[in-house]
Amino acid sequence: MISIFVRLKLRLLRNVLRTSHGLGVVAFTVLALGAGATIGLFANSTSDTDRVIFSPVFGGILVITWLVGPILFGASDETIDTTRLALYPLDGDRLATGLAVSGLIGPGPIAAAVALAGVASRAPSIPSALLAAVAIAATLTLATVNSRLLLTALGSSLRKRRTRDLATVAAGLVVGALGAASQILSATSDSINRATVATIADVVRLTPIGWSSDALGRASTGELLVPILELIATMALISLLVRLWGRVLSRALTEVTEADESNEVGTSMIRADAQPGFDNPLRVILRKERRYFSRHPRYRLQVVSQLTVLIVGGAPFLGAVVQGDKAAVLLGSIPGLTAGVTGSNLLGPDGRSLWAEVVAMPSLTPLLRGRSLAFAFLGFVGAFIITLGSAIWTGGWQYFLPALACAIGMALTGSGVGSFTSVVAPALYPDDGSPNPFATSTPGSGCFTAVFTFTGVGIGLVLIVPILIGMAGARDEAWVRLALLPFAPTYGFVIWWLTTRAAGKRANRKQPELITQLAKAA
Amino acid sequence: MTERPNEDASSPPASDSAVSLQGLTKRFGKKLAVDGLDLEVPRGTFFGLVGPNGAGKSTTLKLTTGLLRPDSGRAIVNGIDVWQNPNAVKQVIGVVPEDLRLFERLTGRELLHYVALLRGMDRKEAARRADELLRFLDLEEAANRLVIDYSAGMRKKAALGAAVLHRPAVLFLDEPFESVDPLSVRVLRELLEQLVAGGATVVFSSHVMEVVERLCDVIAVVHQGRVVASGRREELCNGRRLEDVFIEAVGARPQQADLDWLTS
């Protein structure tokens with residue numbers, strides 16, 4: 001049965017390469033493998049002592065990322081959608097085992113394996129190398145089984161919009177905390193303290209998530225006994241988790257086929273405001289956004305989470321602020337650009353109602369402009385708060401207004417590019433009753449969307465170069481600071497106007513495809 | 001095909017009923033979708049489950065095929081309690097659900113092949129049956145195209161092929177003829193008739209009265225989660241059209257006020 005699942009997974013992935021999403025999968029795989037190879041090369045170049053420290057820390061991060069990543073960021077590998085197996089006489093154990101093994105095939109696990117292979121390649125003997133290979137497989141299996149078990153167990157809750165919103169807020173907090181921690185760390189010390197990492201490694205290797213990766217590190221130095229014991233313990237744990245997952249899966253497959261009434265995915269975004277023939281659609285959209293904010297818990301949560309990311313996580317200047325650099329106030333405008341990331345899937349969350357929008361509105365351009373303006377506003381608010389805070393902290397008030405002008409320009413640029421990404425690579429929020437709430441029937445669509453979002457961010461960065469040049473000049477020149485006041489917002493508005501116009505034109509031209517893509521039952 | 005329908009060797013001696021539902025109940029929040037439903041489906045028949053939209057037909061089929069757990073009641077298929085032993089039931093049944101959950105990124109041939117493998121057939125037999133079914137279902141030319149690119153009719157045919165590959169003793173179909181063109185309906189019907197002729201039982205839900213009237217030996221009318229009329233077609237209809245029986249059973253809609261503005 002395992003071989004059937006493996007062959008099925010390979011066949012599905014191969015067939016995805018024949019479709020429009022194939023390029024996205026290839027690009028994502030290349031990126032992931034590149035990252036994996038870089039980490040692998042780094043690991044390969046370290047000393048025995050450092051590998052024993054690096055391995056459990058990296059392995060632990062891997063397992064935790066696999067565990068919480070799908071919930072926080074709404075994506076997971078569901079190439080073999082379990083709901084499509086509900087009709088067949090497969091008991092939970094066989095199903096879970098097959099899915100666990102086939103889950104090791106994909107860009108993510110392979111990239112992770114390449115990274116860990118950097119440690120394994122230093123093994124001094126064949127037995128050590130074999131042990132290291134088993135340790136890599138065990139680490140990845142533990143990561144995938146943990147992740148899928150949690151997703152299946154939380155499936156019915158995670159399909160509720162409110163829980164998903166809480167997850168979004170949590171994602172904001174995690175990203176924010178990581179961003180802030182790294183900034184403050186880099187500002188307060190020359191390098192990450194090796195002793196601190198060693199302490200973390202000592203803790204992680206004692207926990208189940210660190211056993212197999214610690215075995216890898218030790219095997220790479222020639223140790224045999226401890227790694228063997230750690231791997232036996234990991235195998236036993238995996239076996240238990242697979243059995244548990246099998247039970248949860250069997251239960252979940254018979255409970256999830258009816259839609260949850262509390263889930264509002266698919267509800268038209270303009271249902272209350274839509275009037276046939278209304279003359280100012282943009283006003284309607286903006287009014288709707290405001291109404292959502294005042295009345296809709298989902299929207300409020302979304303706003304709060306995005307602000308969290310924008311203010312805390314998107315602050316690449318915290319170090320400068322901590323050091324008291326007055327010009328850091330200018331950099332406070334950069335979070336405005338992140339509106340381009342948060343607003344790069346404007347049609348997806350309410351995608352299934354797109355047909356209603358199309359019927360209600362003469363063109364999709366106002367819809368995109370309204371939504372992207374709302375995201376630009378969010379970006380600006382984030383930038384405003386951080387700019388004000390850094391001005392108060394450093395006393396660099398001469399940079400305050402220019403920074404706000406730059407924030408407007410960046411928010412408009414980012415959200416404009418985001419609106420185009422929204423049309424080129426829309427991603428439907430999956431809501432098909434699958435045990436995995438992030439499942440889609442289109443393997444590779446996540447890769448496809450990720451590649452386009454990152455490309456969009458790259459394009460946004462290129463487009464704000466004129467503003468960045470202005471900011472560099474504004475550090476020392478008062479006239480540049482003055483010139484930035486009209487220039488940055490105007491420049492941002494022009495970019496926003498052009499990109500949303502292009503996005504709207506494309507959306508109107510591709511309406512049938514968009515509706516098919518976003519309204520399709522998974 | 002001379003082989004017998006796929007029966008579970010461990011199942012108890014067959015009764016006259018292929019399917020027996022006893023007090024089946026399912027509630028979604030405040031809505032009672034299936035309300036203590038009792039039903040007997042005679043073995044070897046073509047059984048039609050009809051009812052208005054929202055009557056509980058699809059939910060009943062899900063409860064009967066192990067896809068949705070009932071709140072109370074029993075579902076026995078081919079002598080096996082569905083919720084005591086769901087995998088044993090799934091071995092002897094085929095299901096074509098309304099929301100055809102197919103692996104859409106497989107080709108038609110690959111889909112049938114993998115379904116056969118998942119049902120435990122060896123590769124040679126899986127390939128043979130897949131090829132024969134593709135030919136019968138008129139999907140041979142499209143066999144190497146991805147299922148996602150199939151039309152609605154082709155998808156129904158592929159789903160039916162996947163459901164009968166293992167020669168089920170009982171086949172359940174939820175609205176099998178919806179959005180299917182007449183040519184495809186004919187192919188589907190021929191396959192179903194062959195299956196019943198071979199001793200299997202076919203249970204399908206529909207709200208298209210003409211199809212049910214033409215195909216089914218036994219019919220049950222479901223309304224508000226209960227069976228409100230059932231029996232052999234001739235007895236149930238007694239010379240009348242099924243549509244009239246259906247309207248009588250579910251209660252005719254009261255005469256509405258005229259929409260003058262539509263005609264003026």
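**Notebook: chain A of a predicted model**

I began with the contacts of chain A: of those with a separation of 6 or more, 86% are between residues 24 or more positions apart. The model I am reading is predicted, and I kept its confidence in view throughout.

**Entry 1. Overall make-up.** I looked up the secondary structure and found 23 helices and 0 strands in chain A. I then checked burial: 54% of the 522 residues of chain A count as buried.

**Entry 2. Confidence.** The average pLDDT of chain A is 76, and 68% of the residues score at least 70. I asked where in chain A confidence is lowest and where it is highest. The lowest mean, 59, belongs to helix H14 (residues 318–322), whereas helix H22 (residues 478–509) has the highest, at 92. I also noted residues 257–279 of chain A, over which pLDDT stays under 50. For that stretch the model nevertheless has 42 contacts beyond four places in sequence.

**Entry 3. H18(A) against H22(A).** I next examined how helix H18 (residues 365–394) of chain A packs with H22(A): the angle is about 135°, and the axes are 8 Å apart. Because oblique covers angles that are neither under 35 degrees, nor over 145, nor from 65 to 115, H18(A) is oblique to H22(A). I recorded the crossing of these two helices as right-handed. On the H18(A) side, the contact is made by Thr365(A), Leu368(A), Arg369(A) and Ser372(A). H22(A) contributes Thr500(A), Arg501(A), Ala503(A), Gly504(A), Ala507(A) and Asn508(A). I sorted the residues of this contact by character and obtained 3 nonpolar, 5 polar and 2 charged.

**Entry 4. Met410(A).** I located Met410(A) in helix H19 (residues 400–424) of chain A. Is Met410(A) buried or exposed? I counted 33 other C-beta atoms within 10 Å of Met410(A), and the residue is therefore buried, since the cut-off for burial is 20 or more. Leaving out residues up to four places away in sequence, I found that Met410(A) touches Ser333(A), Ile334(A), Gly336(A), Leu337(A), Ile464(A), Ile467(A) and Gly492(A). I also took the separation from Gly222(A), which is 188 residues apart from Met410(A) along the chain: their C-alpha atoms are separated by 53 Å.

**Entry 5. Chain A with chain B.** How many residues of chain A are in contact with chain B? I found 22 residues of chain A in contact with 24 residues of chain B. The residues on the side of chain A that touches chain B comprise 11 nonpolar, 5 polar and 6 charged.

Conventions: Residues numbered from 1 in each chain as written. Chains lettered and ligands numbered in written order. Predicted model: local features only at pLDDT ≥ 70, side-chain atom pairs only at ≥ 80, totals over all residues. Helix = DSSP H or I, 4+ residues; strand = E, 2+ residues; numbered from the N terminus. Buried ≥ 20, exposed ≤ 12 C-beta atoms within 10 Å, placed from the backbone. Contact = placed C-beta atoms within 7 Å. Nonpolar A, V, L, I, M, F, W, Y, C, P; charged D, E, K, R; others polar. pLDDT = per-residue confidence, 0-100. Axes fitted to C-alpha atoms, helices over the stretch in contact; angles between N-to-C directions. Left-handed = near helix turned anticlockwise from the far one by under 90°.
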